[in-house]
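Reader: Could you take me closely through a single part of this model, setting out how its elements pair and pack against their neighbours? I would welcome one connected account.

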Amino acid sequence: MPRSGNIWCILALAGSVTLMATSPAWSQQGGVTQTVQQQLLMRIQAGVALERYLESMRIDFVMVDADSDGEITQRDVDLHTVMEGVQARKHAINMVMRYDLDGDGLVTEDEIRRSMTYDLRAQIGLAAANKLNQPQLPDAVAKQIDNMVRTIVALDTDKDGKVSLAEAAKYGAPGMQGRGTNGLAARARQLLTIDGASKAVLTLAEYQAAGEALFRQIDTDKDGAVSQQELADHATRAERVGCEMPAASDKAKVVLLSSYETEALSSVTLGSQDNVVHAGRVVVEPGSEPLYLVIASYSPTIWQFSGAVERVERLVMTSSRTGPNSGEPNQRSLVGATGVAQEKVSFFSKSNCLIYFYETPSSGSLQTVAAIRAGVGKAPETVAAKYSIAGFNVPSGAIESVREQRKGPLIIEKTQGTLRVIGDASNVIVQAGPSSAKDEMYRFSPGGVNEIDAKTVVSRVPATRYEVLPQQAGLVQLLASGALKQNSLGEYIVREKIRFPAGLHGAHSVTFLVIKGVPYPDGDPGHSCVIVEETGEKKGGGCRR
């Protein structure tokens, strides 16, 4: 690129940075701060050659080098911070002084109302012309004006009824006087950590060397340019970081197990009292062949191993959930095991390394099998999966299910009217009133609650005993203790200070009545409705308004 062209690129980039610095959207935007590697990667586009990429890095360096001394130092951070503060104050003053109608350098409440009424005249006029409305400010417009008046008048620190230039400069949210994590000051600070540790000085040569190393890492065919496929392959490799699995021995048989959830709840939680943790059993069948077991589930689960556990060479586990009602890809899974030595258990650093599935073959099973083949060095010889299970037998892959063994009657809840059942009604129960908490518990969790000693759990997150069991099991527990009482409508009367059972979402949600004098419960009610007698207040997403 000609030298003059470079200068014009730099000037254009400088202009865009100035415009962005005066923009409220730029000044206030949030989001996750990108790493230096991510910033470098963003500059590598499909088809770009190394020379052009290094030139773009030089332009970026020039913009971050605030004092133009050829180095990025703390001085650049400080200078950018000062200049970004100037831009923020300029923007703040412009926002407030646009209401200075008489040009005296002061803004009053009357000027704000007159200016905003003028700006909103179209909305006001349309509302006045509508015969269904009185010719007055619609509520929404009036509220908008009142909000702006409150915001600007709050800047009047000397309470003289006027906002001066000095007071106007303080307009905006905290942090307005700088660009926080998004400005050039933050960028300079970020570049000083390019080698993973804090540096005092970064030169252009060092910056470009880091970029060139990344470029050559992506350019696998070494032709000096990056293709779309090479970028895609690099992204795939990056996604697998944190998903490494130990290699299986030559004699080991690889077994893959997967489910959405298990049929039993755990008496122990992982990470938080607000997590719903399930429990499943894995019985290791007798034999001499070492086993490499991989288990993927959706729900947080503690797997209880028994039988010939000495056969287990390696156990790799994952779940899709990382917290209460959440699953962050870059966080560790909520999963654990008992009965297997800690040194034989492996966990991923992320929760999205393997896809859980409950049908084979399926898109999920094919992708997970391929990931295991690539990571372990051999494909699973046994693949067993089902939506909800009580346990697995390995290496056969036999699945156990309490729900299928019980085959309970069909229960129809009906509180009024008539119901005609055509055909064999011997296995049908019509329930006129609310079901009991215990019946509901076994409907959702037919395996009940598996008792687990928290000290025996191998996991990457702390295992602790539940204060209150999750979902309907917790309701049963609180009813038994007398802390709750169920009325004839199926609502739960809170009689003393409790903690809401975790996981009262969707079909698990209920109605709580907190009687007068009883403290509001701890924890999360989920989708349940909570009515407080003392105030009549309704809380929770499940309340009907």
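Author: This is a predicted model, and the part I would look at closely is the sheet that includes β20, together with the helix lying on that sheet. Helix α16, residues 471–481, lies across β20, β21 and β22 (511–514), and α16 runs at about 100° to β20. The sheet itself is open and is formed by 5 strands in the order β20-β21-β22-β23-β24, with mixed pairing. Its edges are β20 (484–486) and β24 (538–539), each of which pairs on one side only. For β20, the partner is strand β21, residues 492–494, and the two pair in the antiparallel sense over 3 bridges; within this pairing, Q486 stands opposite Y492 of β21.

A second region, around strand β6, can be read in a similar way. Strand β6 covers residues 278–284 and is mostly covered, since 5 of its 7 residues are buried. With strand β4, residues 264–266, β6 pairs in the antiparallel sense over 2 bridges, and here L265 stands opposite H278 of β6. With strand β8, residues 301–307, β6 pairs in the parallel sense over 7 bridges, while strand β13, residues 391–394, runs parallel to β6 and is joined to β6 by 4 bridges. V282 takes part in both of these parallel pairings, standing opposite F305 in β8 and having F392 as its bridge partner in β13.

Beside this region, the loop between β3 (253–262) and β4 holds E263. Because its relative accessibility is 2%, below the 20% cut-off, E263 counts as buried. The side chain of E263 reaches the backbone nitrogen of V402 at 2.6 Å, and among the other residues that E263 touches are S388, I389, A390, S401, R403, S445 and P446.

For comparison with the strands, one helix pair may be added. Helix α6, residues 109–119, and helix α8, residues 139–153, pack at an angle of about 145° with their axes 10 Å apart, and their crossing is right-handed. From α6, the residues E109, I112, R113, M116 and T117 meet Q144, I145, D146, M148, V149, I152 and V153 of α8; by class, this contact has 7 nonpolar, 2 polar and 3 charged residues.

Note on methods: Residues numbered from 1 in each chain as written. Predicted model: local features only at pLDDT ≥ 70, side-chain atom pairs only at ≥ 80, totals over all residues. Heavy atoms only, no water. Buried < 20%, exposed > 50% of the residue type's maximum accessible area, 1.4 Å probe, protein only. Pairing = 2+ DSSP bridges. Axes fitted to C-alpha atoms, helices over the stretch in contact; angles between N-to-C directions. Left-handed = near helix turned anticlockwise from the far one by under 90°. Contact = heavy atoms within 4.5 Å. Nonpolar A, V, L, I, M, F, W, Y, C, P; charged D, E, K, R; others polar. Polar contact = N/O pair within 3.5 Å; in protein donor to acceptor, adjacent residues only side chain to side chain. Lists of a residue's contacts leave out its neighbours within four places in sequence.
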